[in-house]
Amino acid sequence: MRGESLSRRAAAEEREGMVEQPVCESAEMERLVDVYGTGMLRMCCMYLGDAHLAQDAVQDAFIKIYRAWRPIDNPAAEKAWVMRITVNVCKDYLRSAWKRKVNLVEQYPELPGFEEPKDGQGRLFQEIMALKPKYKEVILLHYYQQLKVGEIAAVLGAPQSTVSIRLRRARETLKKRLEGGPNEDL
């Protein structure tokens, strides 16, 4: 009971601005944008399939990073934290009522969207995008963001064994689909 009232008081003080929040200095924010901005944009483009929506998602992710800023000494942990926020923002976009109801491609076909790779990787890209989200995200994080299984586990908040299994199943599914085998619904 006592702990509950303390946490309520702390939350109220935070809402009222009485608790000093860590501030991400502009130089630090510029460093984050330089180091992670391009990778975040690529991740969002692939995850959302729309370049304009991806730009919005990256901006929202940086706002969340700015608001929740805590200095992290380990670069791998910092990258995992940044990518976790980015993936969660993409998931929020995909879950939003607006995204479910509005299809900009149908409404405005003249707007440029996300272009698939033209170097022969188009089929692979299509198959990756057709995977279930839990498999797609591990593939994107592993192969496009070069994260290790442990880092992906930190990003997704899942055990390493779960990430390993998802990665293996995603690879198997992609292999079958690309070899022309049965189209499993993973």
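**View 1. Arginine 166 sits in helix H10.** This is a predicted model, and the close-up centres on the surroundings of that arginine. Leaving aside residues up to four places away in sequence, arginine 166 touches Lys134, Tyr135, Glu137, Val138 and Leu156. Take valine 138 from that set: 28 residues separate it from arginine 166 along the chain, yet their C-alpha atoms are 7.0 Å apart.

**View 2. Leucine 156 and its neighbours.** Which residues does leucine 156 touch, not counting those up to four places away in sequence? They are Arg84, Val87, Glu137, Val138, Leu141 and Arg166. Leu156 is also one of the residues that touch the most other members of the largest nonpolar core, along with Met40, Ile65, Leu141 and Val155.

**View 3. The largest nonpolar core, with its 44 residues.** Helices H2 (26-48), H3 (51-67), H4 (75-95), H7 (122-130), H8 (133-144), H9 (149-156) and H10 (160-178) each put in at least two residues. Which helix gives the largest share? That's H2, with ten residues. As background, nonpolar side chains in soluble globular proteins tend to be buried together.

**View 4. Helix H9 and what its buried side packs against.** Glu151, Ile152, Ala153, Val155 and Leu156 are the buried residues to look for in H9. Between them, the buried residues of H9 pack against H4, H8 and H10. Just after the helix comes glycine 157, with a positive phi near 70°.

**View 5. H4 packing on H9.** The two axes lie 8 Å apart, at an angle of about 45°. Angles from 65 to 115 degrees count as roughly perpendicular and those under 35 as roughly parallel, so this pair falls in between and H4 is oblique to H9. The crossing of H4 past H9 is right-handed. On the H4 side, the contact is made by Ala76, Ala80, Met83, Arg84 and Val87; on the H9 side, by Glu151, Ala154, Val155 and Leu156.

**View 6. H2 packing on H4.** Here the axes are 10 Å apart, with an angle of about 45°, which makes H2 oblique to H4. H2 goes past H4 in a right-handed crossing. Among the H2 residues making the contact are Leu32, Tyr36, Met40, Met43 and Cys44. From H4, the partners include Val82, Met83, Thr86, Val87 and Cys90.

**View 7. Cysteines without a disulfide.** How many disulfides does the model have? The count is zero. Cysteine 44 has the sulfur of cysteine 90 as its nearest cysteine sulfur, 3.4 Å away; the cut-off for a disulfide is 2.5 Å, so that pair doesn't qualify. Cysteine 44 is buried, at 0% relative accessible area. Cysteine 45 is in no disulfide either, and its nearest cysteine sulfur, that of cysteine 44, is 7.4 Å away. Cysteine 45 is buried too, with a relative accessible area of 10%.

**View 8. Stepping back to the whole protein chain, with ten helices and zero strands.** Read along the sequence, the pattern is α-α-α-α-α-α-α-α-α-α. Of the 186 residues, 32% count as buried. Looking at contacts with a separation of 6 or more, 65% of them join residues 24 or more positions apart.

Definitions and conventions:
Residues numbered from 1 in each chain as written. Predicted model: local features only at pLDDT ≥ 70, side-chain atom pairs only at ≥ 80, totals over all residues. Heavy atoms only, no water. Core = buried A, V, L, I, M, F, W, Y, C linked by side-chain atoms within 4.5 Å. Buried < 20%, exposed > 50% of the residue type's maximum accessible area, 1.4 Å probe, protein only. Helix = DSSP H or I, 4+ residues; strand = E, 2+ residues; numbered from the N terminus. Contact = heavy atoms within 4.5 Å. Axes fitted to C-alpha atoms, helices over the stretch in contact; angles between N-to-C directions. Parallel < 35°, antiparallel > 145°, perpendicular 65-115°, else oblique. Left-handed = near helix turned anticlockwise from the far one by under 90°.
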